Amino acid sequence: MAPTLASRPRLLVLLGLALIGLSRTAPAMAADTVALSVDASRTGAKIDRNIFGQFAEHLGHGVYGGIWVGPESTIPNTRGIRNDVVAALKALKVPNVRWPGGCFADEYHWRKGVGRRAVTLNPNWGGVTEPNSFGTHEFMDFLGQIGSEAYVSINVGSGTPQEAAEWLEYMTAAQPTTLAQERAANGHAAPWPVAYLGIGNESWDCGGNMTPDYYLSQLKRYSRFVRNFDPGQQQDPRRMLKIAVGPGGDGPRWTEWTETIMKAWQSHSWSWDIDGLSMHNYTVVKWPPAYKSVGFGETEYGEILEATLEMDRLIATHSAIMDRYDPQKRVALVVDEWGAWYAPLPGSNPGFLVQQNSLRDAILAALNLNTFARHADRVRMANIAQMINVLQAMILTDEGRMVLTPTYHVFRMYVPFQDATFVPVTLDAGTYAHGDVRLPRADAIAAKDKAGRLWLAVTNLDANRPVSIEASVAGIAPKSAAGETLTAPRVDSVNTFEAPDTVAPKPISAKVHGGTVALTLEPKSVTVLSVEP
Ligand code: AHR
């Protein structure tokens, strides 16, 4: 993975321009009231539900303990999968789950996780034993229980095209091949759909330290030979989408990687193809990760948010390269690892990447989801790292206990944006300044759902000042507006097993008069509203 660094001089110029813009539009408004305008008839790209994807790697307690407790556990479970976690994830309408890694994927040999299990090691993540009790059947069962689709990452680093091809045959073949019969003997006669296939993971680093050209030659072989036989997917225009390894950050090393893959793709032959290019970008100001996930102040709050806003520039950089080779945007940019990466919690195994999740992470999540939505024409899939107990998790567990994180609440509040149509928003709330950090004071996106409702998500980044918004809404005649807002007493407020609702959404309603929706956003808050016609 590669750290992102904020570019402060550029931000200062942008904020200066924004302030000039504000001084031109401000006079008509009451003091400190901010104008937002949105025209529901001006629609853009679909916000693909897949940008709300999750990532579950065999890492720490991400799978074992987090999802899988085994059928004999006293923790309530269905065929070994925890019931509390399933119920919580169902509310997120998780569109896809990337599995089994991460770096783990390039050392994963699927046969050890079907039938009689082999106990192996997990050298990437703490060197612990890997029981392989959560394998293909358990993953597919888990997807069925939460109602999600499979994003399977195949082993390019230490596997072979044959091994990966056989895994896909095992999962997807309906005809009575030996592998399909083995699947049936192991308890699943019908083939499973595999919606997304990741061809390697970070092949420039933990996935094999490959050069772009070497990876490209591997990509062509895997794309050619790793087939999906699921009859249900053969006639489906959304047949299994193949996702190539893409860039891991900023700078020439990464633009060269994107150039190499996209240039080759432009003149690809019938025998290989891709539908997506992956990009990994964590919010980590120092490497190795040093920022604390709890017990920090406003300075660290500002610095982390400043760093996370780099996502926009990174997407723009790689999208511009993709546009040159793929102006019709057939290949999606898939941000399949993103989120905050902090220092491991004291006392935890450093290889398990355990961190707390605070109000700061909720705001960080909203800002990234807004960025993906603004790039919805190219960014059609993203996977936060990671789903449970690892990095910026939705859920933390400890034996039989479970707590929902602030990030979970943002993902739940944003569900209406899944597959909604992007609607541009104009908002200039000025600047939130703390120390050396200068950030936009507020950020907003809007979208229209299939029922014709307009959804508005507004984040107040300012840790201290509320923002009063007057939104002028065109394209629909608003009658009422209500939703939820998420904030907490401190920027580092967290939910714990003992106090699970310190950061929890509460209802909010706005005043609607004429075509205007007025509401006040609390400091450091995320708000999602539906505007009803
Ligand atoms: O998410 C943790 C790790 O970060 C993944 O295994 C790897 O792909 C990335 O470097």
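The chain holds 26 salt bridges. They are counted in a predicted model, in which the chain has 12 helices and 26 strands. A closed barrel of eight strands is part of the fold, and the largest nonpolar core has 130 residues. Of the 533 residues of the chain, 56% count as buried.

**Salt bridges**

- Side chains of opposite charge can pair when their charged atoms come close.
- D275 and R239 are one such pair, with their side chains meeting in a salt bridge at 3.1 Å, N to O.
- This pair links distant parts of the chain, 36 residues apart: D275 sits in the loop between α8 (252-266) and β11 (276-283), while R239 sits in the loop between α7 (231-234) and β10 (241-244).
- D275 is buried because its relative accessible area of 14% falls under the 20% limit.
- R239, in contrast, counts as partly exposed, with 36% relative accessibility.
- R412 and E484 form another salt bridge, in which the closest N and O atoms are 2.9 Å apart.
- R412 belongs to helix α12 (residues 406-413) and E484 to strand β23 (residues 480-486), so this salt bridge ties together parts that are 72 residues apart in sequence.
- R412 is partly exposed, at a relative accessible area of 25%, and E484 is partly exposed as well, at 24% relative accessibility.
- D323, D326, K329, D377 and R378 are joined into one network by salt bridges that share partners.

**The hairpin of β14 and β15**

- Strand β14 (residues 395-398) pairs with strand β15 (residues 401-404) in the antiparallel sense, over four bridges.
- Within this pairing, V403 in β15 is the bridge partner of L396.
- The two strands form a hairpin with two residues between them.
- E399, in the turn, has a positive phi of about 50 degrees.
- A salt bridge also joins R401 to D398, with the closest N and O atoms 3.0 Å apart.
- Both ends of that salt bridge are partly exposed: R401 has 39% relative accessibility and D398 has 33%.

**The barrel**

- The strands of the closed barrel run in the order β2-β5-β8-β9-β10-β11-β12-β13, with parallel pairing.
- From one strand to the next, the twist averages 25 degrees.
- Strand β2 (residues 53-55) and strand β5 (residues 96-99) run parallel and are joined by two bridges.
- In that pair, F55 of the chain stands opposite R98 in β5.
- Helix α10 (residues 310-325) lies across β11, β12 (332-340) and β13 (379-385).
- The helix α10 runs at about 160 degrees to β11.

**Nonpolar cores**

- In the core of 130 residues, those with the most contacts inside it are L89, I154, W338, F372, Y414 and F417.
- Helix α11 (residues 359-374) supplies the largest share of this core, 10 residues.
- Apart from this core lies another, of 25 residues, which includes A446, L454, L456 and L529.
- Leaving aside residues up to four places away in sequence, L89 touches V94, F142, I146, M387, I388 and I395.

**Helix α12**

- Seven of the eight residues of α12 are buried, so the helix is largely enclosed by the rest of the structure.
- The buried residues are P406, T407, Y408, H409, V410, F411 and M413.
- R412, the partner of E484 in a salt bridge, is partly exposed.

**Overall shape**

- A compact globule of 533 residues would have a radius of gyration near 24 Å, and the 23 Å of this chain agrees with that.
- Taken along the principal axes, the C-alpha atoms fill a box of roughly 75 × 55 × 45 Å.
- Among contacts with a separation of 6 or more, 77% are between residues 24 or more positions apart.

Terms used
Residues numbered from 1 in each chain as written. Predicted model: local features only at pLDDT ≥ 70, side-chain atom pairs only at ≥ 80, totals over all residues. Heavy atoms only, no water. Pairing = 2+ DSSP bridges. Core = buried A, V, L, I, M, F, W, Y, C linked by side-chain atoms within 4.5 Å. Buried < 20%, exposed > 50% of the residue type's maximum accessible area, 1.4 Å probe, protein only. Contact = heavy atoms within 4.5 Å. Salt bridge = Lys/Arg side-chain N within 4 Å of Asp/Glu carboxyl O. Axes fitted to C-alpha atoms, helices over the stretch in contact; angles between N-to-C directions. Rg over C-alpha atoms; globule rule 2.2 N^0.38 Å.
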